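These are my notebook entries on a structure I looked up. I began with the surface and then turned to charge pairs and backbone geometry.

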Amino acid sequence: MIENLLLGFQTSLTPDNLLWCFIGVLLGTVIGMLPGLGATTGVAILLPLTLTMEPVTALIMLAGIYYGCQYGGTIAAVLIATPGDASAVATVIDGYSLARKGKAGKALAIAAIGSFFAAIVSLILLCLVAAPIAQFALRFGPAEMLAIMIMGLLTIISFSGDNLAKGLMMAGIGLVLSTVGMSSAFAASRFTFGSVSLLGGIDFVVVMIGVFAIGEVVSQIGAGTAKPIRARMRDMVIKPSDIKQAFPAITRGTGLGFVLGCLPGAGSTLASLVAYGAEKQVSKNSRNFGKGAIEGVAASESANNAAANANFVPTLALGVPGGTTTAVLLGAFVMYGIQPGPLLFENQPTLVWGLLTSFFIGNVILLVLNLPMAPVFAQVLRLPYSYLYPLIIFFSMFGAFAVENGVFALTVLFVAGLAGFFIKKYNYPTAPLILGMVLGPMVERYLVQTSAFSQGDLTLSLIHI
């Protein structure tokens, strides 16, 4: 192991690889801040730029974009209540509440610290147990995955606030919206009403941007509270007591995020949502969740970044993507003539360990960039909202258009924004809606597969639950 790590650092610490690692994490942070783009889109857009590079250098840069987007998505989630990526949905709940109280700097700083801790711990685990965990995760069939998806849906209770009925209703609406379009199991369209545009379904990222960003803008203007936040600089700087308060949540989020991230196809979004829900159940400060609990930010961000790194366990060891972004990265491996799988660590040790050690370096760069800059980023909230709101709307439209590359996405965006306004006005929770849309297609897919394997006997999945 020590020899492999030394080989990896010799590869990743060359001037070229260091430079492209820095460029990757910087681009990732910027892309992550733009609503709707996210890591998958960022990696896909910039993939052609790496064709002339050495494979290890190209992969280091693309991986830097991937985990840089995790940090960037947090900045947008905290400052303007708009998750830059779907995995930052849970961060909005308490992160934006802290920002409205003038504590955006603290929220961003604890997110950076939690993300760094989770990244380092998950990378150590990745180096130590990648192959054994990959073999264990491979045993998970449709029934086991269905049980995990149902566990994810049960976290709706944690996002429902004081009214469980409202939370369940919003989650139900999310599940219904996830069924629009072509069925994942049968060759039939559903709820399209003859519209060709709806055949591809309603993208939850566009709905997420509309509900959170457009809905928040309209709500603030309608309520007449669109005033810049005048926070003191000392309120934006994190204190040792804040770190002490958040550390248990960081630890639990890291562990849960890594375990869920190792499952093929689970991705970071599920990990962050489940970690947030679990933390609310065990935290002594559970009553403050949704109102600006620093533990909520710490848990979701730690799980998010731990899962992002754990996604490489099935990707590298089995050749099975851990999430949507690692699926694009898997295509990059194939494009460079590299076959991920059990023999990759043996046949390409320089590339694998150079890539893994670059994660350590990239996360150190991100911490150095983001931790001192947290109070500076928070100064965005001091801007007059007559300038800030048009920018939010513009980037929301840009992100929504980029997701589907069509004008129909803008229609969905503004309908979701209008719905978001009424959701906030009548105090309905928004997170269950997004959670239902995220998990809906996966629940349906694994439910159909489980039913097929058990010949219609769904008690098989109940046994696993």
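Is Lys-103 buried, partly exposed or exposed? I noted that the model is predicted. I found a relative accessibility of 32% for Lys-103, so I entered this residue as partly exposed. I placed Lys-103 in the loop between α5 (89-100) and α6 (104-137). I then listed the positive surface patch to which Lys-103 belongs, formed together with Lys-101, Lys-239, Arg-287 and Lys-291.

Entry on salt bridges. I searched the whole structure and recorded two salt bridges. In one, the side chains of Arg-190 and Glu-444 meet at 2.6 Å, N to O. Arg-190 lies in strand β2 and Glu-444 in helix α21 (residues 431-453), so this pair ties together parts 254 residues apart in sequence. I noted Arg-190 as partly exposed at 22% relative accessibility, and Glu-444 as buried at 16%.

I also recorded the pair of Glu-279 and Arg-252, whose closest N and O atoms are 2.8 Å apart. Because Glu-279 sits in helix α13 (residues 267-282) and Arg-252 in helix α12 (residues 240-261), the pair ties together parts 27 residues apart in sequence. Glu-279 is buried at 3%, whereas Arg-252 is partly exposed at 40%.

Entry on cysteines. I found zero disulfides in the structure. Cys-21 is buried, with a relative accessible area of 1%; Cys-69 is likewise buried, at 1%.

Entry on the backbone. Most residues other than glycine have a negative phi. I nevertheless noted a positive phi of about 55° at Phe-191, which is not a glycine. Phe-191 lies in the loop between β2 (189-190) and α10 (204-223), and I entered Phe-191 as partly exposed at 48% relative accessibility.

Methods
Residues numbered from 1 in each chain as written. Predicted model: local features only at pLDDT ≥ 70, side-chain atom pairs only at ≥ 80, totals over all residues. Heavy atoms only, no water. Helix = DSSP H or I, 4+ residues; strand = E, 2+ residues; numbered from the N terminus. Buried < 20%, exposed > 50% of the residue type's maximum accessible area, 1.4 Å probe, protein only. Patch = residues over 30% accessible without salt bridge, like charges linked within 9 Å, V, L, I, M, F, W, Y side chains within 5 Å. Areas by Shrake-Rupley, 256 points an atom, 1.4 Å probe, with all protein chains shown as cover. Salt bridge = Lys/Arg side-chain N within 4 Å of Asp/Glu carboxyl O. Lys, Arg positive; Asp, Glu negative; His and termini not counted. Charge placed at Lys NZ, Arg CZ, Asp CG, Glu CD. Disulfide = S-S within 2.5 Å.
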